[in-house]
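Please work through the following exercises with the sequence and the structure open beside you. Each task is followed by a solution that goes step by step.

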Amino acid sequence: MAEDVPKLFLREIQLGDKANKLSLGSESFVPLKTFLEKDAWQFHEENIAKTFVLVDSIEAGARIYGYVSLTCSAVELEDGQKPTNPVRASNYPAYPAVKIVRLAIDKSMRGHGYGKQLLDFSIANVMDKIMPNVGCRFLIVDSKQESIKFYEKLGFNLVNSEENREADNPMMFIDLHLLSNN
Ligand SMILES: CC(C)(COP(=O)(O)OP(=O)(O)OC[C@H]1O[C@@H](n2cnc3c(N)ncnc32)[C@H](O)[C@@H]1OP(=O)(O)O)[C@@H](O)C(=O)NCCC(=O)NCCS
C-alpha cells in the first residue's frame, strides 16, 4: 500500500462514528451514504443488518472511509448453479445465504485493496462464525452494473437468468462450501 494512504482499521460500527465526510462520487451512490448516516448503527444494534467499518481510529467517533453491511438471506439459483451433492439438494428453488446489503469505499481510498479487504472479511466471517453452526452456503450481493467486474475478480458469479443479467442490480453469488474445500 502506498505510503500516503492512511492505515485504516476494520471494526464493528460504533455510536458516533462519522459518515458525513464519506465521498462516493456519484448521485447513484447517495443511498449508500444515507444508510450509513441514518440507519446503520441502529440496524446493527437491532440485529437487522450488521455493519463493519473502515475507520481512521479504533475509538468511537472515528471517520468512516468504507463499510460493509451483512444480513441473513436466501438465493434462488438456476439449474447448473445449484448444489448437486447430494442429488436431492438440487430440488430446492432457494438456498441459504448471507447477503452483502451495502458495501462502499470512499473515493479517496479506492484502488488500494480496501474493497477486497471488506469482501475477504465478509467471507471469513460467514465461514468461521456461521457455517460451523447454521446451514449457510452462499454469500450474495445485488451488484451495481459498474461493480460486477470487482465482484467477479473476487470469485462471485452472476445468477444465470436472463432477467437477472439485465437487471439494474443483478444478483451475484459465491459458493462458500466450494471455497472451504479448496
Ligand atoms: C467497488 C468498490 C467497493 C471497489 O473498492 P476498491 O477499494 O477500489 O477495490 P480494491 O482496491 O480492493 O480492488 C480489488 C480488485 O478489484 C479490482 N476492481 C475494483 N473496482 C473495479 C471495477 N469497478 N471494475 C473492475 N475491477 C475493479 C481492482 O483493480 C483490484 O484488482 P487487483 O487485485 O487485480 O488489483 C468501490 O469502487 C466503491 O465503493 N464503489 C462505489 C460503491 C459500489 O459500487 N459498491 C458495490 C456495489 S454494492
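The exercises below concern a predicted model, and they go from the ligand to single residues and then to the backbone.

**Exercise 1. Find which residues come nearest to the ligand, and describe the shell around it.**

Step 1. Begin with the residues around the ligand, of which there are 19, and note that L103, I105, G111, K116 and S147 come nearest.

Step 2. Sort the residues of this shell by character, which gives eight nonpolar, five polar and six charged.

Step 3. Assign the shell to secondary structure: strand 4 (94–105), helix 3 (114–130) and helix 4 (148–153) each supply at least two residues, and the largest share, four residues, comes from helix 4.

**Exercise 2. Identify the backbone atoms that lie close to polar atoms of the ligand, and state how much of the ligand the protein buries.**

Step 1. Look at L103, where a polar backbone atom is 2.8 Å from a nitrogen atom of the ligand.

Step 2. Move on to I105, where a polar backbone atom is 2.8 Å from an oxygen atom of the ligand.

Step 3. Add H112, which places a backbone N or O atom 3.3 Å from an oxygen atom of the ligand.

Step 4. Turn to the area: the ligand taken alone exposes 910 Å², and the protein buries 73% of that. The site itself is the largest pocket, in which the ligand sits.

**Exercise 3. Decide whether T51 and S122 are buried or exposed, and find the polar contact that each side chain makes.**

Step 1. Locate T51 in strand 2 (residues 50–55). Its relative accessible area is 0%, and because buried means under 20%, T51 is buried.

Step 2. Follow the side chain of T51 to the side chain of S69, to which it is joined by a polar contact of 2.7 Å.

Step 3. Locate S122 in helix 3, where S122 has 0% relative accessibility and therefore counts as buried.

Step 4. Follow the side chain of S122, which reaches the backbone oxygen of L118 at 2.8 Å.

**Exercise 4. For M171 and F138, give the burial and then the C-alpha separation from V141 and I64 respectively.**

Step 1. Place M171 in strand 7 (residues 171–175); with 16% relative accessibility, M171 counts as buried, because the cut-off for that class is under 20%.

Step 2. Take the C-alpha atoms of M171 and V141, which are separated by 5.6 Å although the two residues are 30 residues apart along the chain.

Step 3. Place F138 in strand 5 (residues 138–142), and note that F138, at 0% relative accessibility, counts as buried.

Step 4. Take the C-alpha atoms of F138 and I64, which are 74 residues apart along the chain and are separated by 28 Å.

**Exercise 5. Examine the backbone at P86 and N47: which peptide bond is cis, and what is the phi of N47?**

Step 1. Inspect the peptide bond from N85 to P86, which is cis, with omega near -5°; P86 is found in the loop between strand 3 (64–76) and strand 4.

Step 2. Inspect N47, which has a positive phi of about 60° although it is not a glycine.

Step 3. Put N47 in its setting, the loop between helix 2 (40–45) and strand 2. Its relative accessibility is 58%, so N47 counts as exposed, the cut-off for that class being over 50%.

Definitions and conventions:
Residues numbered from 1 in each chain as written. Predicted model: local features only at pLDDT ≥ 70, side-chain atom pairs only at ≥ 80, totals over all residues. Heavy atoms only, no water. Near = heavy atom within 4 Å. Polar contact = N/O pair within 3.5 Å; in protein donor to acceptor, adjacent residues only side chain to side chain. Areas by Shrake-Rupley, 256 points an atom, 1.4 Å probe, with all protein chains shown as cover. 1 Å grid on protein atoms, 1.4 Å probe; cavity = no way out; pocket = protein on both sides within 12 Å on 5 of 7 lines; lining within 4 Å. Sits in = over half its atoms within 2 Å of the grid points. Nonpolar A, V, L, I, M, F, W, Y, C, P; charged D, E, K, R; others polar. Buried < 20%, exposed > 50% of the residue type's maximum accessible area, 1.4 Å probe, protein only.
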